[in-house]
Amino acid sequence: MNENGKNDSGSEMVGDIPVRSEDIGFRAQELVQCGKCSKMNSPLAAACLYCGAAIASASKLVGGQLSEFRPLEEWEKGYNVVVRSIEKEEGPRALANLVGLDLEGAGELALGGLPLARVENERLAREIEGKAKNSGAECLIVADEQLDIAHPPVRLRGMDFSDGSVVLYPFNAGDPIRTKSDDILLAVTGAIVEQSAETIEKRKRTSVKVIDEKFSQTDELLIDLYTRANSMGYRIRTHGFDFSCLGDEKSVLAVENMRRLHSKLERELPVIKVIDSYRNQQELLNAVWPIDSRRESLGFKRVGRLGRKELAHAQRTSNLDQFTRFSRLQYALL
């Protein structure tokens, strides 16, 4: 042991006992120097923590998986590696193992049009693309900026079919949009599920007890339409849409009207491609694009006969952003 209380390997010691049973983080000699600002970074980092420059030496494989692969935060701008097609039978499992996906439904990757990974920079996306190619997969890299979920499709309040053209009516504001029937290329169907769990908690110094809880859930079918001239798309939601365009086919049930509108779109629009696989592929999508989940404080609420104030919270989840990503991706793949 030297005079600084460390043994020959550099570990801190108190007498003959190590301060820690194992090292925390990386040793100095394992760090990687940024070629731009010369600061030292984790060997697993894909970009410099200080200046953001890519670290070329960071990429490596550990046990067949990319060691630096990590889930991104919702606010981060990333790059999506999307599977177009797979030639080899064992390809889906090999791809899932490459990025650490542990899914029973990995075979869904063979259908194509699904994200394999969402990563922090294009360099890492290119590396995954290259290794996926070795498994017989053709991939496409799509940036989050291209999917642009911050700007959802324009919501529609109605539409009309007539003489080889379609008129779209934006919700609340905007002039009607007339387009040729063969200019509408794609329809993506899905459902938005939003859940809310509100709890009122009684807090003590050593414990928290839930004294009231309310749970609610809403399900709503929707259809996104894309034209040759508009990659942002138009959205039809079950609520707030006038189904008069169905004519005699119109039902008193909004859910049934959405199904009949789906059929009418296929009949009236000659070149439209309909994607209705979203619900069946949600398990895989959840692994790459997790649904939005947030906890909100509702402040203090009165409970009980005495009207005592206790702290209330709400946990809310929604797959709206996930569906928008999936929907825009299908247009990018046309």
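## A three-stranded sheet

Five bridges connect strand β7 (residues 79-86) with β8, and the two run antiparallel. That pairing is a good way into this predicted model. One of the residue pairs to look up is asparagine 80, whose bridge partner in β8 is arginine 118.

The wider setting is an open sheet of three strands in the order β8-β7-β9, paired antiparallel. β8 (114-119) and β9 (137-143) take the edges with a single partner strand each, so one side of each has no neighbour in the sheet. On average, neighbouring strands here are turned by 30° against each other, direction ignored.

## Helices on the sheet

Two helices are worth displaying together with these strands. Helix α1 (residues 91-98) lies across β7, β8 and β9, and runs at about 165° to β7. Helix α6 (residues 320-332) also packs on the sheet, where α6 touches β7, β8 and β9. The direction of α6 makes about 110° with that of β8.

## Leucine 114 in strand β8

Is leucine 114, a residue of strand β8, buried or exposed? Its relative accessibility is 0%, and because buried means under 20%, leucine 114 counts as buried.

Beyond its neighbours within four places in sequence, leucine 114 is in contact with Val81, Val82, Val83, Glu108, Leu109, Gln281, Leu284, Leu285 and Phe326. Asparagine 80, from β7, is 34 residues away from leucine 114 in sequence, with 9.6 Å between their C-alpha atoms.

## Aspartate 144 and its polar partners

Now turn to aspartate 144, which lies in helix α3. Aspartate 144 counts as buried, at 5% relative accessibility. Which side chain does the side chain of aspartate 144 meet in a polar contact? The partner is asparagine 80, at 2.8 Å. A polar atom of the aspartate 144 side chain also lies 2.8 Å from the backbone nitrogen of glycine 78.

Leaving out neighbours within four places in sequence, the contacts of aspartate 144 are Glu76, Lys77, Gly78, Asn80, Arg118 and Arg325. Two names in that list, Asn80 and Arg118, bring us back to the sheet, where asparagine 80 and arginine 118 are bridge partners.

## Helix α2, from cap to glycine

Helix α2 (residues 122-134) has 13 residues and spans 19 Å from its first C-alpha to its last, close to the 18 Å expected at 1.5 Å a residue. At the N-terminal end, asparagine 121 caps α2, with a side-chain oxygen 3.2 Å from the backbone nitrogen of arginine 123. After α2 comes glycine 136, with a positive phi near 85°.

The buried residues of α2 are Leu124, Ala125, Glu127, Ile128 and Ala132. Why do they line one face of the helix? Seen down the axis of α2, these buried residues fall within an arc of 160°, so they share one face. The general geometry helps here: an α-helix has 3.6 residues a turn, so residues three or four places apart point the same way. On the other side of α2, Lys133 and Asn134 are exposed.

## Helix α4 and what covers it

Helix α4 (residues 254-268) has 15 residues, and from first to last C-alpha it reaches 20 Å, close to the 21 Å expected at 1.5 Å a residue. Its buried residues are Asn257, Met258, Leu261, His262, Lys264 and Leu265. The cover over these buried residues includes the strands β10 (154-162), β13 (184-203), β14 (208-227), β15 (230-237) and β16 (273-275).

## Two aspartates with positive phi

If you check backbone torsions, stop at aspartate 148 and aspartate 163. Aspartate 148 has phi near 45°, a positive value in a residue other than glycine, and sits in the loop between α3 (144-147) and β10.

Aspartate 163 likewise has a positive phi near 45° without being a glycine. This residue belongs to the loop between β10 and β11 (165-170). At 82% relative accessibility, aspartate 163 counts as exposed.

## Threonine 317 in strand β18

A last stop is threonine 317, in strand β18 (residues 308-318). With a relative accessible area of 18%, threonine 317 is buried. Apart from neighbours within four places in sequence, threonine 317 is in contact with Val193, Glu194, Gln195, Ile291, Asp292 and Ser293.

Key. Residues numbered from 1 in each chain as written. Predicted model: local features only at pLDDT ≥ 70, side-chain atom pairs only at ≥ 80, totals over all residues. Heavy atoms only, no water. Helix = DSSP H or I, 4+ residues; strand = E, 2+ residues; numbered from the N terminus. Buried < 20%, exposed > 50% of the residue type's maximum accessible area, 1.4 Å probe, protein only. Contact = heavy atoms within 4.5 Å. Pairing = 2+ DSSP bridges. Axes fitted to C-alpha atoms, helices over the stretch in contact; angles between N-to-C directions. Expected span 1.5 Å × (residues − 1). Arc of directions from axis to C-beta. Polar contact = N/O pair within 3.5 Å; in protein donor to acceptor, adjacent residues only side chain to side chain.
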